[in-house]
Amino acid sequence: MAMEALTYDRALAYKDEFPPREYETWQPRKVLLVLLEIDPFADKDSSLAVGVEKEYGKPAPEMKSLGSEVVLSMKVLKKHYDALGSYLHIQSLKHSKTGEGLDFKRFRNRCGDITEFINKVLSSSVFNCTLGRFMSIKCIECGNSIRKRIPVGEKIFEAKCYNCMATYIVTDDGAGNFKQAPHQLKVKCGGTGCHHEIVVWQHELEVGRHWKCPECSGVNAFALGVTYEKASNN
Ligand SMILES: [Zn+2]
Ligand SMILES: [Zn+2]
């Protein structure tokens, strides 16, 4: 429960960016995966220090430490969280068949390791610190405003509207200006001789999705296909 509580706390620090459809996700590993998608540093330890720059853009010669934070990482969750499950549930048929019993000495050791780590996290002098640069765009599909953490060192990145799922390719010109291009494709009607085109969002490209062509009234659907290339003869 401590591991769960720490992960949910961490998610709260990202609440403006956490997609509402993930609110029902409770497994800490899945929650952390969502956080890592938002911020690759979400499960990394950090230290915070401030200092006055002597020269603009160059690190200050003197830094004053504000403290450090140890975060419950994916590595620890992977190692310990699932392993606890076997002690919380009745043994599976497979295990009782093979006669594999529970090793309570190992369980105690594991709990000891977890406690040690939880203590480190909770005694951090900085807690739940997230830093980032943000930009916001307006969704042209639903009008929702999209707030996006700018990925470190990336000039082109994707932003998603969690209201209607539309995605955008955002380009950073380096001077604080962002250009947004809707992630859309033009798709031509499959009817012979019909040239009607519709515009679909990237997230709408799904096998089985269909539409009626307003020009020829035929029905188009996305389907799986196979492409083939003949072997070259050299
Ligand atoms: Zn939208
Ligand atoms: Zn058509």
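Start with the zinc ion (ligand 1) and look at how its donor residues are spaced in sequence: C-x2-C-x18-C-x2-C. Keep in mind as you go that this is a predicted model.

Now select C139, C142, C161 and C164 and show their side chains: the SG atoms of these residues coordinate the zinc ion (ligand 1) at 2.3 Å. Turn on angle labels next, and you will find 103 to 115 degrees among the four donor atoms, a tetrahedral site.

Which loops hold C139 and C161? Color the strands to see: C139 sits in the loop between β3 (134–138) and β4 (145–149), while C161 sits in the loop between β5 (156–160) and β6 (167–172). The pair therefore ties together parts that are 22 residues apart in sequence. Add a surface and check these two cysteines. C139 is buried, at a relative accessible area of 3%, and C161 is buried too, at 0%.

Next stop: center on the zinc ion (ligand 2). Select C189, C194, C213 and C216, whose SG atoms are its protein donors, 2.3 to 2.4 Å away. Along the chain, the spacing here reads C-x4-C-x18-C-x2-C. What arrangement do the four donor atoms around the zinc ion (ligand 2) make? It is tetrahedral, because the angles they subtend run from 106 to 114 degrees.

Finish with the surface still on and pick out two of these donor residues. Is C213 buried or exposed? C213 is buried, with 2% relative accessible area. C216, by contrast, is partly exposed, since its relative accessibility is 38% and the partly exposed range runs between 20% and 50%.

Note on methods: Residues are numbered from 1 along each chain as its sequence is written. Chains are lettered from A and ligands numbered from 1 in the order in which they are written. This is a predicted model: local features need pLDDT of at least 70, side-chain atom pairs count only at pLDDT 80 or more; totals for chains, interfaces and linings use all residues. Side-chain values use heavy atoms; hydrogens and water are left out. Donors are N, O and S atoms within 2.8 Å of the metal (3.2 Å for Na, K and Ca); water is not among the atoms, so sites may look incomplete. Four donors count as tetrahedral if all angles lie between 85 and 135 degrees; four count as square planar and six as octahedral if opposite donors are over 155 degrees apart and all others between 65 and 115; anything else is irregular. Buried means under 20% relative accessible area, exposed over 50%, partly exposed in between (1.4 Å probe, protein chains only). Helices (H or I, at least four residues) and strands (E, at least two) are DSSP runs, numbered from the N terminus.
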